[in-house]
Structures are given as structure tokens and as C-alpha cells.
Amino acid sequence: MTAPNGCRHCGLPERDHARQWIKAAGWHAWDRPTDSQILARMTARRAARATNALKGTR
């Protein structure tokens, strides 16, 4: 799962990033994610946690 503050283009954390290559962005340095990306990632993380919590109670 992508960290909420992972790179805008590839999702890697800033600390582990250096230079990365992906088809959509080419070679790039870490770039701050947009506010909407951060929110979407946090929402997905919360939903996954809730799903895992439900699996543990059955």
C-alpha cells in the first residue's frame, strides 16, 4: 500500500526514493503528492484497516 506522503508519481517514500523511472513520469525525483492524493491514500488505508479488523473478529 502506498504511504500517504509517498511520491506523487510512483508512491515511494521520500527517504527511499532517490531517482526513479516509471513510464508515466520518466526519470524523476521525489515530488510531493497533491492534497487529493494524500486524502485518497489515507482513505484507502483506513478502509483496508477496517476490512482487516472485521476479518479478525469473525
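These legends walk through several close-up views of a predicted model.

**View 1. Confidence across the predicted model.** Let us start with the whole protein before zooming in. The mean pLDDT is 91, and 95% of the residues reach 70 or more. Among the elements of the protein, strand β2, residues 26-28, has the highest mean pLDDT, at 96. At the other end, helix α2, which covers residues 35-57, has the lowest, with a mean of 88. A friendly reminder for any predicted model: where pLDDT is low, the coordinates should not be read in detail.

**View 2. The salt bridge between Asp-35 and Arg-32.** How many salt bridges does a search of the whole structure find? The search finds one, and this view shows the pair that forms it, Asp-35 and Arg-32. Their closest N and O atoms are 3.5 Å apart. Asp-35 belongs to helix α2 and is exposed, with a relative accessible area of 56%. Its partner Arg-32 counts as partly exposed, at 46% relative accessibility. For a sense of scale, look from Asp-35 towards Ala-18: the two residues are 17 apart along the chain, and their C-alpha atoms are separated by 22 Å.

**View 3. Arg-41, a buried charge in helix α2.** Here the focus moves to another residue of helix α2, Arg-41. Is Arg-41 buried or exposed? Arg-41 is buried, yet has no salt bridge. The nearest side chain of opposite charge is that of Asp-31, 10 Å away; a salt bridge needs its nitrogen and oxygen within 4 Å, so this pair does not make one. What Arg-41 does have is a backbone oxygen for company: that of Cys-7 lies 3.1 Å from a polar atom of the Arg-41 side chain. Leaving out residues up to four places away in sequence, Arg-41 touches a run of residues that includes Ala-3, Pro-4, Asn-5, Gly-6, Cys-7 and Arg-8. Gly-11 and Pro-33 are also among the residues that Arg-41 touches.

**View 4. Thr-2 beside helix α2.** Thr-2 sits in the segment before α1 and is partly exposed, with a relative accessible area of 32%. Which residues does Thr-2 contact, once neighbours within four places in sequence are set aside? They are Gly-11 and Arg-41. Thr-2 and Arg-45 are 43 residues apart along the chain, while their C-alpha atoms are separated by 8.5 Å.

**View 5. Two cysteines without a disulfide.** Cys-7, the residue whose backbone oxygen lies 3.1 Å from a polar atom of the Arg-41 side chain, returns in this view together with Cys-10. The count of disulfides in the model comes to zero. The cysteine sulfur nearest to that of Cys-7 belongs to Cys-10, 3.9 Å away, and Cys-7 is in no disulfide. Cys-10 is likewise in no disulfide, and its nearest cysteine sulfur is that of Cys-7. Why is this pair not counted? A disulfide requires the sulfur atoms to be within 2.5 Å, so a separation of 3.9 Å falls outside the rule. The surroundings of each residue can be read from its accessibility: Cys-7 is buried, with a relative accessible area of 0%, whereas Cys-10 is partly exposed, at 28%.

**View 6. His-17 and the backbone of Trp-30.** His-17 has its place in helix α1 and counts as buried, at 1% relative accessibility. A polar atom of its side chain lies 3.4 Å from the backbone nitrogen of Trp-30. Beyond its neighbours within four places in sequence, His-17 is in contact with both cysteines of the previous view, Cys-7 and Cys-10, and with Leu-12, His-28, Ala-29 and Trp-30.

**View 7. His-9 and Asp-31.** Another histidine, His-9, lies in the segment before α1. His-9 is partly exposed, with a relative accessible area of 36%. Its side chain and that of Asp-31 are joined by a polar contact of 3.5 Å. Setting aside neighbours within four places in sequence, His-9 is in contact with Asp-31 and also with Ile-22, Ala-25 and His-28. The C-alpha atoms of His-9 and Pro-33 are separated by 7.8 Å, although the two residues are 24 apart along the chain.

**View 8. Ala-18 in the loop after α1.** The last stop is Ala-18, in the loop between α1 and β1. Its phi is near 55°, a positive value in a residue other than glycine. Ala-18 counts as exposed, at 62% relative accessibility.

Definitions and conventions:
Residues numbered from 1 in each chain as written. Predicted model: local features only at pLDDT ≥ 70, side-chain atom pairs only at ≥ 80, totals over all residues. Heavy atoms only, no water. Buried < 20%, exposed > 50% of the residue type's maximum accessible area, 1.4 Å probe, protein only. pLDDT = per-residue confidence, 0-100. Helix = DSSP H or I, 4+ residues; strand = E, 2+ residues; numbered from the N terminus. Contact = heavy atoms within 4.5 Å. Polar contact = N/O pair within 3.5 Å; in protein donor to acceptor, adjacent residues only side chain to side chain. Lys, Arg positive; Asp, Glu negative; His and termini not counted.
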